[in-house]
Amino acid sequence: IKKEGMETSALIVKATQHRNQNAEGRLSLNLTVEFIVGSEKVVTEKDVVVKIFDADAFKPGQRVTIRYKHEAPSQIVVLGNAGN
């Protein structure tokens with residue numbers, strides 16, 4: 001998906017922190033994002049790991065760049081400062 005997916009911008013509508021934080025200096029987040037494919041709104045969830053000082057970029061209301069699978073838009077990867 002990262003290489004061949006369709007790139008777009010997605011709105012973070014919900015971000016919850018995982019209880020099991022094991023990596024120092026990083027946060028494990030479950031993001032709920034929404035974006036438009038054609039005339040259809042897609043809402044999907046994705047687990048990401050981000051550095052603590054990048055955490056503000058992953059709050060609800062922020063936009064992230066994603067790539068999605070053309071035939072299955074709910075399958076995404078989040079680009080930028082996030083590990084998928």
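This briefing describes the nonpolar core, the strand pairing around β4, the salt bridges and one buried threonine of the structure above. The model is a predicted one. Its largest nonpolar core has 19 residues, and β2 gives the largest share of that core, namely six residues. A search of the whole structure finds three salt bridges, one of which, between Glu7 and Arg67, ties together parts that are 60 residues apart in sequence.

**Nonpolar core**

- The residues with the most contacts inside the largest nonpolar core, which has 19 residues, are Val33, Phe35, Phe58, Val64 and Val78.
- Two or more residues of this core come from each of the elements β1 (6-17), β2 (26-37), β3 (40-51), β4 (63-69) and β5 (72-78), and the largest share, six residues, belongs to β2.
- Once its neighbours within four places in sequence are left aside, Val33 is in contact with Ala10, Leu11, Ile12 and Val13, with Val42, Val43 and Thr44, and also with Val64 and Ile76.
- As a general background to such a core, nonpolar side chains in soluble globular proteins tend to be buried together.

**Strand β4 and its partners**

- The covered face of β4 consists of Val64, Ile66 and Tyr68, whereas Arg63, Thr65, Arg67 and Lys69 make up its uncovered face.
- β4 pairs with β1 in the antiparallel sense over six bridges, and within this part of the structure Leu11 stands opposite Arg63 of β4.
- β4 also runs antiparallel to β5, to which four bridges join it, and the bridge partner of Ile66 in β5 is Val78.
- The two strands β4 and β5 form a hairpin, with two residues between them.

**Salt bridges**

- In general terms, side chains of opposite charge can pair when their charged atoms come close.
- Glu7 and Arg67 form a salt bridge in which the closest N and O atoms are 2.6 Å apart; because Glu7 lies in strand β1 and Arg67 in strand β4, this pair ties together parts of the chain that are 60 residues apart in sequence.
- Both partners of that bridge have computed accessibilities in the intermediate class, since Glu7 counts as partly exposed at 48% relative accessibility and Arg67 is partly exposed with a relative accessible area of 21%.
- A salt bridge also joins the side chains of Lys41 and Glu34, with an N to O distance of 3.7 Å; here Lys41 counts as exposed at 51% relative accessibility, while Glu34 is partly exposed with a relative accessible area of 22%.
- Lys59 forms a salt bridge with Asp56, the closest N and O atoms being 2.9 Å apart; in this pair Lys59 is partly exposed at 43% relative accessibility, whereas Asp56, at 53%, counts as exposed.

**A buried threonine in β2**

- Thr32 is found in strand β2, and its relative accessible area of 11% is under the 20% cut-off, so Thr32 counts as buried.
- With its neighbours within four places in sequence left aside, Thr32 is in contact with Leu11, Ile12, Val13 and Lys14, and likewise with Val43, Thr44 and Glu45.
- Several of these partners also appear around Val33, whose contacts beyond four places in sequence include Leu11, Ile12, Val13, Val43 and Thr44.

How values were computed
Residues numbered from 1 in each chain as written. Predicted model: local features only at pLDDT ≥ 70, side-chain atom pairs only at ≥ 80, totals over all residues. Heavy atoms only, no water. Core = buried A, V, L, I, M, F, W, Y, C linked by side-chain atoms within 4.5 Å. Buried < 20%, exposed > 50% of the residue type's maximum accessible area, 1.4 Å probe, protein only. Contact = heavy atoms within 4.5 Å. Pairing = 2+ DSSP bridges. Salt bridge = Lys/Arg side-chain N within 4 Å of Asp/Glu carboxyl O.
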